[in-house]
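Hi,

Here is the structure I promised to pass on. Have a look at it first, and then read on for what turned up.

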Amino acid sequence: EPKINTDPQYHLDGIDDSIRRAAEHLPRIDAIGVSSAGIFIDNKTRVASLFRKIPADLFEKRIKNLYPDIAKKWGNVPIEVSNDGDVTALAGAMSLNDQPVLGIAMGTSEATGYVDDKGHITGWLNELAFAPVDYAEGAPVDVEWSGDKGTGVQYFSQEAVIRLAPKVGIELDPKLSPGDKLKKVQELYKSGDKRPIPIFESIGVYLGYALAQYAEFYNLKHVLILGRVTSGEGGNIILQKAQEVLRLEAPEVAKTVQIHLPDEASRRVGQAIAAASLPVIKKS
């Protein structure tokens, strides 16, 4: 639960443990590629919601140089840290062998990135999690981060699933973590419970309208959706509903934009594979 932990050592130990477990299956580590939510400059953490609970003084001392410090621990290997949305888009461009690509990862938040028509990560701040997609007076508020109403994080993340669950009669144990609440809804659907269907249909409708709006700002050809919210059959429902909305409400966008849902493995680890391609290894 990185979003709620105030101890910098907890974060360092968690990331280091993930690398250690991967290293157990490798002959060596030549470099480290990182896909992470937030803004990173020269591999240094500038703004990141994962570390929102870290006090400012500790953030400056321990978190700012977290990833370079980890690289030193692993033999001072090359490291490249990039925004998870950008890595999502890069994963799409790599798998499709085409561009431009808007990548949307639906997990703890809405991570969005863009690869332009030349195949480049632009470096733009594509933080669409905090851009509004619902302008209704009663739209849910992002109380954890931006304080704004109707922002993407409330519609394209596990927060959407959790918020919609009671509306279809699914009561989730408040003691569960947000990730476990999402998993519970997905398990119910997998077991034959039909109540989660309207949840994923609603997210698909949200996505269709949001893509019509995003198309006003981005040159779109491909949109790749992935992340834990899209796992299982729920992802297919989201895809189908988004395509339906675009055909009915924005046919000009539907004609030029293809929405892609990768295979199950890529939905979960596609970002990691793309991130691993980021570091430049200098030949001796």
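Helix α1 (residues 8-23) and helix α3 (residues 66-73) have axes that come within 11 Å and cross at roughly 45 degrees. That makes the two helices, α1 and α3, oblique to each other, and their crossing is right-handed. Bear in mind that this is a predicted model.

Which residues in α1 and α3 meet? On the α1 side they are Leu12, Ile15, Asp16 and Ile19, and on the α3 side Leu66, Tyr67, Ile70 and Lys73. Sorted by class, this contact of α1 with α3 has six nonpolar and two charged residues, with no polar ones.

Now for a single residue in the first of those helices: His11 has its place in α1. Is His11 buried or exposed? Its relative accessible area is 4%, and buried means under 20%, so His11 is buried. If you set aside the neighbours within four places in sequence, His11 is in contact with Pro2, Asn5, Leu50, Phe51 and Ile54.

Thr6 is worth a click as well. You'll find Thr6 in the segment before α1. With a relative accessible area of 46%, Thr6 counts as partly exposed, because that value falls between the 20% and 50% cut-offs. Not counting residues up to four places away in sequence, Thr6 touches Lys53, Ile54 and Pro55. Ile54 is thus a contact of Thr6 and also of His11.

One last distance: Thr6 and Gln240 are 234 residues apart along the chain, and 40 Å separates their C-alpha atoms.

Cheers

How values were computed. Residues are numbered from 1 along each chain as its sequence is written. This is a predicted model: local features need pLDDT of at least 70, side-chain atom pairs count only at pLDDT 80 or more; totals for chains, interfaces and linings use all residues. Side-chain values use heavy atoms; hydrogens and water are left out. Axes are lines fitted to C-alpha atoms, for helices over the stretch in contact, and angles run from 0 to 180 degrees between N-to-C directions. Helices (H or I, at least four residues) and strands (E, at least two) are DSSP runs, numbered from the N terminus. Angles under 35 degrees count as roughly parallel, over 145 as roughly antiparallel, 65 to 115 as roughly perpendicular and the rest as oblique. A crossing is left-handed if the near helix is turned anticlockwise from the far one by less than a right angle, and right-handed if clockwise. Contact means heavy atoms within 4.5 Å. Ala, Val, Leu, Ile, Met, Phe, Trp, Tyr, Cys and Pro count as nonpolar, Asp, Glu, Lys and Arg as charged, and the others, Gly among them, as polar. Buried means under 20% relative accessible area, exposed over 50%, partly exposed in between (1.4 Å probe, protein chains only).
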